[in-house]
Every structure is written in structure tokens, then in C-alpha cells.
Amino acid sequence: MRWIGVELSAENYRMMYVPKGFAHGFLTLQDRSEVFYQMSEFYVPELARGVRWNDPAFAIEWPIEAIVITEKDRGYADFGR
């Protein structure tokens, strides 16, 4: 139930490794941003799971308001339900 926020940019050259089984989310801070990531397994849509970006159980403090969120990502139930 803990989270960490890290800013990744072309200027700071940071990268992040998210271990298998950990949830992760992305929020771009600039228009026309690109996010590249690799996965340890082939993607199988019917096996995908997730938590909602604004679930109160996690109380994530996003740096700006999220404007574009996919229907799938908006549709996750509260954690623990």
C-alpha cells in the first residue's frame, strides 16, 4: 500500500526497474511525451490486472491532474473489492 514517484526525463537520464509483480503507472508531464518499457513476459490481454490510478487505498499524490485515462484504467474497482 506504499508508492514512490520518480521523474524520468531526457534531461536527468534516469531509468526505473519495476520488479515483476509490482504495480506501476505513468503520467506524462509534457505534451508529446513517449514512454518506452519492456516486460518480462509476452503480453496476454486477458491475463492483465490492475488498480485504479486514483484508488483511495493508495493515496497517490500525482504531480498534475490526469487528463487522458483509458476506459480500462478508469474501470478498475477499489483495491480489495
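**Reading patches, ring pairs and contacts**

Biologist: Which residues form a nonpolar patch on the surface, and what accessible area do they have together?

Modeller: In this predicted model, the nonpolar surface patch is formed by I4, V6, L8, M16, V18 and F22, with about 570 Å² of accessible area together.

Biologist: Let's take F22 from that patch. Where does F22 lie, and is F22 buried or exposed?

Modeller: F22 sits in the segment before α1, the helix spanning 71-74. Exposed means over 50% relative accessible area, so F22, at 54%, counts as exposed.

Biologist: Now the rings, please. How is a pair of aromatic rings described?

Modeller: The description uses the distance of the centres and the angle of the planes. Here, the structure holds 2 aromatic pairs. One of them joins F26 and Y37, with 5.5 Å centre to centre and 25° between the planes. Planes under 30 degrees apart count as stacked, so this pair is stacked. The pair links distant parts of the chain, 11 residues apart, with both F26 and Y37 in the segment before α1.

Biologist: And how does accessibility class F26 and Y37?

Modeller: F26 has 48% relative accessibility and counts as partly exposed, while Y37 has a relative accessible area of 53% and is exposed.

Biologist: One last residue: where is G80 found, and how many residues apart in sequence are G80 and A57?

Modeller: G80 is in the segment after α1 and is exposed, at 73% relative accessibility. G80 and A57 are 23 residues apart in sequence, and their C-alpha atoms are 8.7 Å apart in space.

Definitions and conventions
Residues numbered from 1 in each chain as written. Predicted model: local features only at pLDDT ≥ 70, side-chain atom pairs only at ≥ 80, totals over all residues. Heavy atoms only, no water. Patch = residues over 30% accessible without salt bridge, like charges linked within 9 Å, V, L, I, M, F, W, Y side chains within 5 Å. Areas by Shrake-Rupley, 256 points an atom, 1.4 Å probe, with all protein chains shown as cover. Salt bridge = Lys/Arg side-chain N within 4 Å of Asp/Glu carboxyl O. Helix = DSSP H or I, 4+ residues; strand = E, 2+ residues; numbered from the N terminus. Buried < 20%, exposed > 50% of the residue type's maximum accessible area, 1.4 Å probe, protein only. Phe/Tyr/Trp six-rings, centres within 6.5 Å; stacked < 30°, edge-to-face > 60°.
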